[in-house]
Amino acid sequence: MYINGPRLLAQLETLADIGRTETNACCRLALTDEDKAGRDLVVGWMKELGMSVCVDPIGNIFGIRAGMRPELAPVMTGSHTDTVRTGGAYDGNYGVLAGLEVVATLNDAQVTTERSIVVGIFTNEEGARFAPDMLGSLVYVGGMPLDEALAVKAIDGAILGDELKRIGYHGTAPLGMHKPHAFVELHIEQGPLLDADGIKIGAVENLQGISWQELTIVGQSNHAGTTPMRLRHDAGYAASAVSTFVRELTRKMGGNQVGTVGHVVLTPNLINVIAARATITVDLRNTDELLLQQAEQALKDFLQSLSESEGVTITYRRLARFEPVIFDAALTDRIAHHAESLGLSHQRMTSGAGHDAQMMARICPTSMIFVPSVGGISHNPAEHTEPADLIAGANVLLATLTELAQ
Ligand SMILES: [Zn+2]
């Protein structure tokens, strides 16, 4: 059994025409008229496939293809159809429409599965109009109270709950109505690795955690010629010491640990004045939460000793913190297995970007399938995946969902 490639590609094109800009981008910011038009189109397709459609109070849409045993938890796939202002045709949309193509293929072949198959469209994944991103899936899994989410204000001043009602997607289906047997999200990689290696399928095993901090180091300005070295409280020196420490830390830790000091501002920033103040950022990332915590702790210890030895004060502010996500290993294995059976080259990989799957992983076994992004470009009208690769990824999704649902 294989999906109908031309049908999938045609639907991707039709959806991409909604909100198309002069620069050929897709612009369907969450809960705008364009987003509504995209939702309406896809909901119409769900109904044509004989699926029942439910909408929950945060506007997540679920198309359900009933299985033979409704008492069993369903298998779920899906993604999002909102885009950034300069979005491409495939980010999110591909995962949703490939899910519908799986249903269409099963319908054509008159295959009935044991478990129901659900295709989800999650609200405001991009976060380009409302913060935070991945809001619909976050609320779905209980990570944010509904009331708080409905009160979120858009960058244009609109209130999320009002916008949901305005476009007719403030539904009544119970939040978290399905606790899936498994969730599989198919997505373009949005990074360069598969394309660079000529690999067709990524079996995603984890998603990187991120820790962002801003440090403010306060020392004392003084004359660069007359102040003896032993009497200095040099914020500029302390900033460079942190930068050196972060690089050394990643070398010692090895593995996946990366660290960056990407922003440094010295005050007064003059050639012959010892810096009074430095504001710097530290970006630490790891796929392992304990290791990421160890890196954060090591940095904290270093800042303590640096502040004593240099006689400066150091304060820090957390800018962002997301835990890494480990996807279900058995599910990732099945994805790799199905890619292999279809004769597609594949590799295990880490997702560098956030996805709805990371939220769903809190409530059920979850994994992702990646296909190559040409040149690693995304959130850009030039976003492109070769048609053959789009079709290949959908066939891996078909095999994986069918097996899970039997
Ligand atoms: Zn996406």
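Which exposed residues does the face of α9 turned away from its buried side carry? I opened the notebook with that one, and the model I am reading is a predicted one.

**Entry 1: the helix α9**

I found Leu290, Glu308 and Ser309 as the exposed residues on the face of α9 turned away from its buried side. I then checked the helix itself: α9 covers residues 289-310, 22 residues in all. From first C-alpha to last it reaches 31 Å, close to the 32 Å expected at 1.5 Å a residue.

Next I listed the buried residues of α9, which are Glu289, Leu292, Ala295, Glu296, Leu299, Phe302, Leu303, Leu306, Ser307 and Glu310. Looking down the axis of α9, I see these buried residues fall within an arc of 150 degrees, so they line one face of the helix. That fits a textbook reminder I keep in the margin: an α-helix has 3.6 residues a turn, so residues three or four places apart point the same way.

What do the buried residues of α9 pack against? I noted β7 (209-218), α8 (235-253), β10 (277-286) and β11 (313-322).

I also looked at both ends. Aspartate 288 caps the N-terminal end of α9, with a side-chain oxygen 2.8 Å from the backbone nitrogen of leucine 290. Leucine 290 was already on my page as one of the exposed residues of the helix. Just after α9, glycine 311 takes a positive phi of about 70 degrees.

**Entry 2: α8 against α9**

I followed α8 next. At what angle do α8 and α9 pack? I read about 145 degrees, with the axes 10 Å apart. The crossing of the two helices is right-handed.

I wrote down who meets whom. From α8 come Tyr237, Ala238, Ala241, Val242, Phe245, Val246, Leu249 and Met253. Their partners in α9 are Leu291, Ala295, Ala298, Leu299, Phe302, Leu303, Leu306 and Glu310. Among these partners, Ala295, Leu299, Phe302, Leu303, Leu306 and Glu310 are also on my list of buried residues.

**Entry 3: stepping back to the chain**

I counted 12 helices and 14 strands in the protein chain. Its C-alpha atoms fill a box of roughly 85 × 45 × 45 Å along the principal axes. Of the 406 residues, 54% count as buried. Among contacts with a separation of 6 or more, 79% come from residues 24 or more positions apart.

**Entry 4: α3 and the residue after it**

Is α3 largely enclosed or largely open? I found 14 of its 16 residues buried, so α3 is largely enclosed by the rest of the structure. It runs over residues 93-108 and reaches 22 Å from first C-alpha to last, close to the 22 Å expected at 1.5 Å a residue.

Just after α3 I stopped at glutamine 110, whose phi is positive at about 55 degrees, in a residue other than glycine. Glutamine 110 sits in the loop between α3 and β4. It is exposed, with a relative accessible area of 71%.

**Entry 5: the loop between β9 and β10**

I flagged a second positive phi here: asparagine 269 has about 65 degrees although it is not a glycine. Asparagine 269 lies in the loop between β9 and β10, and is exposed at 55% relative accessible area. Proline 268 has its place in that loop too, and the peptide bond from threonine 267 to proline 268 is cis, with omega near 5 degrees.

I looked up another cis bond, the one joining alanine 131 and proline 132, where omega is about 0 degrees. Proline 132 is in the loop between β4 (117-121) and α4 (135-140). My margin note for this entry: most residues other than glycine have a negative phi, and most peptide bonds are trans.

**Entry 6: two side chains I wanted to place**

Glutamine 358 is in helix α11 (residues 356-360). Its relative accessibility is 8%, under the 20% cut-off, so glutamine 358 counts as buried. Leaving aside neighbours within four places in sequence, glutamine 358 is in contact with Met134, Leu207, Val325 and Phe327.

Glutamate 34 belongs to helix α2 (residues 33-48) and, at 35% relative accessibility, counts as partly exposed. With the same neighbours set aside, those within four places, glutamate 34 is in contact with Ile18, Gly19, Cys27 and Arg28. I also checked glutamate 34 against aspartate 82: they are 48 residues apart in sequence and 8.9 Å apart in space, C-alpha to C-alpha.

Technical notes
Residues numbered from 1 in each chain as written. Predicted model: local features only at pLDDT ≥ 70, side-chain atom pairs only at ≥ 80, totals over all residues. Heavy atoms only, no water. Helix = DSSP H or I, 4+ residues; strand = E, 2+ residues; numbered from the N terminus. Expected span 1.5 Å × (residues − 1). Buried < 20%, exposed > 50% of the residue type's maximum accessible area, 1.4 Å probe, protein only. Arc of directions from axis to C-beta. Contact = heavy atoms within 4.5 Å. Polar contact = N/O pair within 3.5 Å; in protein donor to acceptor, adjacent residues only side chain to side chain. Axes fitted to C-alpha atoms, helices over the stretch in contact; angles between N-to-C directions. Left-handed = near helix turned anticlockwise from the far one by under 90°.
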